[in-house]
2 protein chains.
Amino acid sequence: MLTGDMLRRSAERFPRKPAILWDGTSLSYRDLDLAANRLANALIDLGLAKGGKVGIISRNRTEYGITFFGAARSGGVLVNISVLYAPEELQYVLDKADVEILIFEHPFAEKVMAARANLPRIKTLICVGGEVEGAIPFEAILARGSEDHPPVDIHEDDPFSMTYTGGTTGRPKGVLTSHRNRMITAHTVMVEEAIDERDVVGIVTPLFHVAALNIMFQPAVLAGATSTFLSKWNVADFAAMARTTGMTAVFMVPTQASMVVSDPAFDAANYKTWTKLAFAGAPMPDWVQRELLEKLPDLKLTQIYGQSEVGVLTVLRHWYLPGKLGSIGRQGYNVDVAVVDRDGKPVKAGEIGELVSRGENVMLEYYKEPEQTANFFRNGWGWTGDLATVDEEGFVTLVDRSKDMIISGGENVYPKEIENVLYEHAAVAESAVFGIPDDKWGEVPVAYIQIKAGMVVSEDEIVAHCAERLARFKRPRVVKFVPDFPKTPIGKIQKNILREPYWRDREKKI
Amino acid sequence: MLTGDMLRRSAERFPRKPAILWDGTSLSYRDLDLAANRLANALIDLGLAKGGKVGIISRNRTEYGITFFGAARSGGVLVNISVLYAPEELQYVLDKADVEILIFEHPFAEKVMAARANLPRIKTLICVGGEVEGAIPFEAILARGSEDHPPVDIHEDDPFSMTYTGGTTGRPKGVLTSHRNRMITAHTVMVEEAIDERDVVGIVTPLFHVAALNIMFQPAVLAGATSTFLSKWNVADFAAMARTTGMTAVFMVPTQASMVVSDPAFDAANYKTWTKLAFAGAPMPDWVQRELLEKLPDLKLTQIYGQSEVGVLTVLRHWYLPGKLGSIGRQGYNVDVAVVDRDGKPVKAGEIGELVSRGENVMLEYYKEPEQTANFFRNGWGWTGDLATVDEEGFVTLVDRSKDMIISGGENVYPKEIENVLYEHAAVAESAVFGIPDDKWGEVPVAYIQIKAGMVVSEDEIVAHCAERLARFKRPRVVKFVPDFPKTPIGKIQKNILREPYWRDREKKI
Ligand SMILES: Nc1ncnc2c1ncn2[C@@H]1O[C@H](COP(=O)(O)O)[C@@H](O)[C@H]1O
């Protein structure tokens, strides 16, 4: 099924139903369908050839949804760019991605214009939500295009979308995916989270990332549900949106869930219709899950594990809670997943290996990164970089990212194990453990901790807490308290930033 | 996704879970998976080439499930044959289908041996559930084959299965479908009936028909649910099976549902776990639906409309009842359906046209029937032969089969409209209206009626009942009471048999 067909069929079935709610506005499925055709035709008229790159840099708003499906129907490739990139990064990404037509939201005009000066490949700028010299207004583009289905021959295996990964290390890499790749993921999510046409699905993480774009918005459209967009996360706006739109389902990163339960103004009345929460992207502390279920007993928690490169791989369905709390669940019904050793051979139950996947869900390539692509595809698998174990029943538990593993005195130390111990302390809201250089042991663990509002705790207490629960070589040598953490837009703690000062003068950065 | 992958993935996820329960036995997903490999390898060793035809003639039993997935993995085509065919019909079908290897259940040995005598193409006979001279026992075949995944390169678009249609008119036609065709239908059903891994799915119609095989068993395996097979329908056995296996979901034809609610021994305690009923295949009288809901208030009724040629096209989800009672629902989330005029142009809301479909769900062809295939595929659509209307919201209502339509004095008369009026009479259990020749009007309607147990009614009462509710030209001219109806194995009344005596001496059989 092509991406454009998902929308077309939902528009045929639910023409008058709202497809996208945003900021008090509502766009019906029929109108979204027609707008997507208009955009696709306009892009083609602007000279976009099959496989040509259309960039978008925008917060969540209705036009993002139109652009996603419009680009999909144009035969082009949509390059989804973080709104947080610094000008230099933005220029790097736009250049590397061969973007020809750039759609940007008004607040980012200055950054875009600055980058554009050095990017002769960009032929057309389109501005959403305002007017900028040198850019065509988005509405004018829509008005130009015909409402007919665009006359392009598109195949499921054609590339259609690029999202970025690598925010926690090095340069962002463009993950190029086909219609089929994301069709599989849209199915995994729709089926394994039981999203149906009655749902009102909150899109509260940024659409330029795979999680909101392909793991929530796309399945919502596939099912014919209504999506409700939040432009910028904050708890009060989320609560208001949930209440006013009758939100039933949402995808969140753990930080957001923890903000919801810790909200001093928390009021269950805002969440009366909310019954499904999917989360992923970073480890979710158990205390957040427990508090969520206390405060909202009807909420069904689905943990998913996904990655830009492979879509959704595993799902922990709500009926396995609390028994399997801590696991990321079983492989989705339509994907192939394994935990393997270095040679790609499945490890035994309980042994640590790397999570790998193969099949129709796996990306085409890192765009124009042949070396990194070759490094990703090895022994017939796509390698996620995440270490995990799998039990006799097929439930997977993440151990850590392979690059975050600390080797201390020859022993493997997994920061996540230490973080889990820290989360058992009532005062710890969030924590990050990473390795720093040590002349004797090679590396030793360090813990950075954010304390829950209103709590008090000392370094000694934390040290004592760990001493009771962890082998000596796993205990953090340094404990630091921080008011918050540097995070990627999708809520992952950027350990590379925390780690940097300690490693600056070393040659090998492990 | 290939058919074999559906089973493989469910076996990876739920190795120890029962895949098939039958007659007190249980086969786990892992064992089904291995048995399917064994059968596939054994078939290949027997000389089955890619696309070669394997026939099966068996009632529902575990070996049917093994055969389905084994054949799918062998690269061959499984020809699913009715156990009810007379010897001459059986020979016709086996010959026409080019069957090389025939798997048959013991009770049908005699019929098979008789047909076989004239079928030199059949190289190997395999007998299930007993021993027959000249046939290899099924277990011996399984014991021969390796457990490894068979080394065949299979593509989604390769043909893999044939079921038969045409039981109500003329010779049975073999509907040849690909892996992809049925993968789409398996998804339609899994998603639109919300089947999940927790379900225990009753297979109570014969597996040789698309309804049990592809519309219920295949989605159950896709979801990783347990299937529970009934060999031969009767209400008492069904009730016992539902109780002992904890059946949660089932597909039934309307006759079966009506037998359940009319069962003098009906006891809701047998159906405590039963929450989902899908039905299709023939019109379901409204009274049956109403009585079901009265007796089993937790039951969720899903009406589906399907056909051997196109799989499932429309679904009426339970939350539209009772508002949309009488409709067959909206198009499934992954299929394209329309109601069109003779030229293939969609009719306006409320107008009568023919139900058509196109896309990945539509069969490859009627096997070796190029003329009938060409007649099926016209103007870019596959034509179902069913007349219908569609309302503003996309809900489809069947009017009648186009070949059942009566033309009386130049007016179109739809038997189903008259049957619906008859069902409003409290004494009518089942009815069939059809056209008989008339010198003045061309054709006039006749009503055959089966009365509910314990009820009494006269022809005059029926005539009066119709006179109040139907225009003169739609009123049945003849009313006959019958103890039961001739039906196809899937429960469709064979109007051709009722009609035959009236038309015998006419040239044109309309
Ligand atoms: N829900 C339904 N209500 C009434 N008739 C149906 C329904 N579903 C299927 N049918 C009839 O069954 C035919 C398919 O027969 P078969 O190919 O043998 O499954 C369709 O073409 C319809 O005429």
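Which strand of chain B supplies the largest share of the shell around the ligand? Keep that question in mind while you open the structure, which is a predicted model, and follow the stops below.

**Stop 1: the ligand**

Select the ligand together with its surroundings, and you will find that 19 residues surround it, the closest being Q303(B), I304(B), S308(B), D386(B) and R401(B). Now colour strand 14 of chain B, because this is where the opening question is settled: strand 14 of chain B gives five residues, the largest share of the shell. Strand 14 (300-307) and strand 22 (396-401) of chain B each supply at least two residues of that shell.

Next, show the polar atoms and look at individual pairs. In the side chain of D386(B), an N or O atom is 2.4 Å from an oxygen atom of the ligand, while in the side chain of T165(B) an N or O atom is 3.5 Å from an oxygen atom of the ligand. At I304(B) the backbone takes part, with an N or O atom that lies 2.8 Å from a nitrogen atom of the ligand. Taken alone, the ligand exposes 500 Å², and the protein buries 93% of that area.

**Stop 2: a three-stranded sheet in chain B**

Stay in chain B and select strands 25, 26 and 27, which form an open sheet in the order 25-26-27 with mixed pairing. Strand 25 (428-438) and strand 27 (478-481) of chain B are the edge strands, each pairing on one side only, and neighbouring strands of this sheet are turned by 25 degrees against each other on average, direction ignored.

Follow strand 25 of chain B alongside strand 26 (residues 442-451) of chain B, and you will see that the two run antiparallel and are joined by 10 bridges. As a landmark, pick E430(B), which stands opposite Q450(B) in strand 26 of chain B. Then add helix 14 (residues 459-469) of chain B, which lies across strands 25, 26 and 27 of chain B and runs at about 130 degrees to strand 27 of chain B.

**Stop 3: the nine-stranded sheet in chain A**

Move to chain A, where nine strands make an open sheet in the order 2-1-11-10-12-13-14-15-16, with mixed pairing. Strand 2 (25-28) and strand 16 (330-331) of chain A stand at the edges with a single partner strand each, so one side of each is left without a neighbour in the sheet.

Select strand 1 (residues 18-22) and strand 11 (residues 226-229) of chain A, which pair in the parallel sense over three bridges; L21(A) stands opposite T228(A) in strand 11 of chain A. Two helices are worth adding to this view. Helix 2 (residues 29-45) of chain A lies across strand 1 and strand 2 of chain A, at about 75 degrees to strand 2 of chain A, and helix 7 (residues 179-192) of chain A lies across strand 14 (300-307) and strand 15 (311-316) of chain A, at about 15 degrees to strand 15 of chain A.

**Stop 4: details of the backbone**

Zoom in on L321(A) and P322(A), which are joined by a cis peptide bond with omega of about 0 degrees; P322(A) is found in the loop between strand 15 and strand 16 of chain A. In chain B, a cis peptide bond joins L321(B) and P322(B).

Finally, select A194(A), in the loop between helix 7 and strand 10 (200-203) of chain A, where phi is near 50 degrees, a positive value in a residue other than glycine.

Notes
Residues are numbered from 1 along each chain as its sequence is written. Chains are lettered from A and ligands numbered from 1 in the order in which they are written. This is a predicted model: local features need pLDDT of at least 70, side-chain atom pairs count only at pLDDT 80 or more; totals for chains, interfaces and linings use all residues. Side-chain values use heavy atoms; hydrogens and water are left out. Two strands pair if DSSP finds at least two bridges between them. Helices (H or I, at least four residues) and strands (E, at least two) are DSSP runs, numbered from the N terminus. Contact means heavy atoms within 4.5 Å. Axes are lines fitted to C-alpha atoms, for helices over the stretch in contact, and angles run from 0 to 180 degrees between N-to-C directions. A residue is near a molecule or strand if one of its heavy atoms lies within 4 Å of it. A polar contact is a pair of N or O atoms within 3.5 Å; within protein, one must be able to donate a hydrogen and the other to accept it, and residues adjacent in sequence count only if both atoms are side-chain atoms. Accessible areas come from the Shrake-Rupley method with a 1.4 Å probe; for residues, only the protein chains shown count as cover.
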